[in-house]
Amino acid sequence: MENANPELDIKTKTSPVFKTVLYNDETHTYDYVVEMLTHVCKLSKENAFRCAVEVDTSGRTIVHYGALEDCKHIAQQILSYGPDHRLPHSLKSMEADVEN
Amino acid sequence: MIDEKTAAQLVDYLNQLSADSEIKSLDDIYYLPTRELLLILQKVDKNLLPLLVQILKASPFNQFEKLMGDHDPDNKTLVDDFFNRYMSATLTEGWQPKNFNPLLFYLPEESLSDLAFVQSRQAFFERQTMYTIREYLESLFGEGIPQFKEEDQNKAWNFFWKKLINL
């Protein structure tokens with residue numbers, strides 16, 4: 001069905017919203033997730049902690065909504081943030097992906 | 001998750017905090033109304049809060065998720081209080097002494113013979129301020145560290161890495 005508002009139609013077609021999803025693992029602490037998300041996604045400490053709780057509880061959490069390139073950039077930053085220095089056995093970054 | 005003796009002590013403790021319900025076993029907390037549970041959690045010692053949260057996370061009724069997502073305006077203050085206390089009990093930031101150097105602590109000299117481990121810490125190293133890096137390098141190699149600019153973390157890492165592989 002065509003949108004009655006052409007401006008809205010253009011906006012919808014040109015600005016699809018993607019999301020960056022963070023996945024849980026057992027080699028990163030809550031401190032790491034909060035530090036990483038405040039640094040990479042510029043989340044407040046409280047929102048970063050909510051994401052940390054959600055990823056721990058549900059296995060995944062959405063950390064950013066936006067244009068594809070932005071979401072890819074954030075996922076890339078998460079993937080290259082490095083291991084959790086607090087845990088000697090942590091040897092890689094957390095996993096992240098982009099979804100629409 | 002916890003042994004019987006600890007569970008019994010915890011039940012006694014929770015009963016002291018509970019104004020309304022009698023708690024006979026830890027499973028009973030799964031059936032408490034949200035507001036009553038929040039009132040108990042408000043009084044729980046901060047050091048015990050993570051243990052209680054672990055128990056709630058095991059709830060078959062998603063008790064923990066309900067607490068975190070409770071939007072009842074009457075409970076807002078209690079939910080905020082629970083959230084802030086849980087965050088403060090979980091995160092370790094702020095426990096570090098003044099002038100704490102994370103590189104000295106998390107990348108100690110005795111770990112430097114494991115080059116694969118050290119290499120995995122490159123991003124962590126490069127996130128530090130130059131002041132922290134300089135203090136770390138001087139503790140390892142003494143005087144004579146090059147003058148790196150504030151944004152020269154990668155150059156400092158390369159200097160550090162070359163030093164290590166030539167030791």
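**View 1. Tyr23(A) faces a partner across the sheet of chain A.** In this predicted model, Tyr23(A) stands opposite Arg60(A), which belongs to strand E2(A). Strand E1 (residues 18–23) of chain A pairs with E2(A) in the antiparallel sense, over six bridges. Zoom out a little and you get an open sheet of three strands in the order E2-E1-E3, with antiparallel pairing. Strand E2 (60–66) and strand E3 (96–99) of chain A are the edge strands, so called because each pairs on one side only. From one strand to the next, the twist averages 25 degrees.

**View 2. Two helices of chain A meet the sheet.** H3(A) lies across E1 and E2 of chain A and runs at about 135 degrees to E2(A). H4(A) packs on the sheet too, touching E1, E2 and E3 of chain A. The direction of H4(A) makes about 15 degrees with that of E1(A).

**View 3. Both chains feed the largest nonpolar core.** This core has 52 residues, and Ile29(B) and Phe82(B) touch the most other members. Helices that each supply at least two residues include H2 (30–40) of chain A and H1 (4–17) of chain B. The top giver is H2(A), with seven residues. Now look around Ile29(B): among the residues it touches are Leu14(B), Leu37(B), Leu52(B) and Gln63(B). Apart from this core lies another one, of 21 residues, including Phe148(B) and Trp161(B).

**View 4. Tyr106(B) has ring partners in chain B.** Over all chains, the count comes to 21 aromatic pairs. In one of them, the rings of Phe105(B) and Tyr106(B) have their centres 4.9 Å apart and their planes at 85 degrees, so this pair is edge-to-face. Is Phe105(B) buried or exposed? At 53% relative accessibility, Phe105(B) counts as exposed, while Tyr106(B), at 18%, counts as buried. Tyr106(B) also pairs edge-to-face with Phe124(B), at 6.2 Å centre to centre and 80 degrees between the planes. That second pair links distant parts of the chain, 18 residues apart: Tyr106(B) is in helix H6 and Phe124(B) in helix H8 of chain B. Like Tyr106(B), Phe124(B) is buried.

**View 5. Charges sit over rings, and rings gather in a cluster.** Arg50(A) places its charged end over the ring of Phe83(B), 4.0 Å from the ring's centre. Elsewhere, Lys57(B) lies over the face of Phe64(B), 5.2 Å from the ring centre. For a bigger gathering of rings, find the aromatic cluster whose members include Phe125(B), Tyr136(B), Trp157(B) and Trp161(B).

Terms used:
Residues numbered from 1 in each chain as written. Chains lettered and ligands numbered in written order. Predicted model: local features only at pLDDT ≥ 70, side-chain atom pairs only at ≥ 80, totals over all residues. Heavy atoms only, no water. Core = buried A, V, L, I, M, F, W, Y, C linked by side-chain atoms within 4.5 Å. Buried < 20%, exposed > 50% of the residue type's maximum accessible area, 1.4 Å probe, protein only. Helix = DSSP H or I, 4+ residues; strand = E, 2+ residues; numbered from the N terminus. Contact = heavy atoms within 4.5 Å. Phe/Tyr/Trp six-rings, centres within 6.5 Å; stacked < 30°, edge-to-face > 60°. Lys NZ or Arg CZ within 6 Å of the ring centre and 35° of its normal. Pairing = 2+ DSSP bridges. Axes fitted to C-alpha atoms, helices over the stretch in contact; angles between N-to-C directions. Lists of a residue's contacts leave out its neighbours within four places in sequence.
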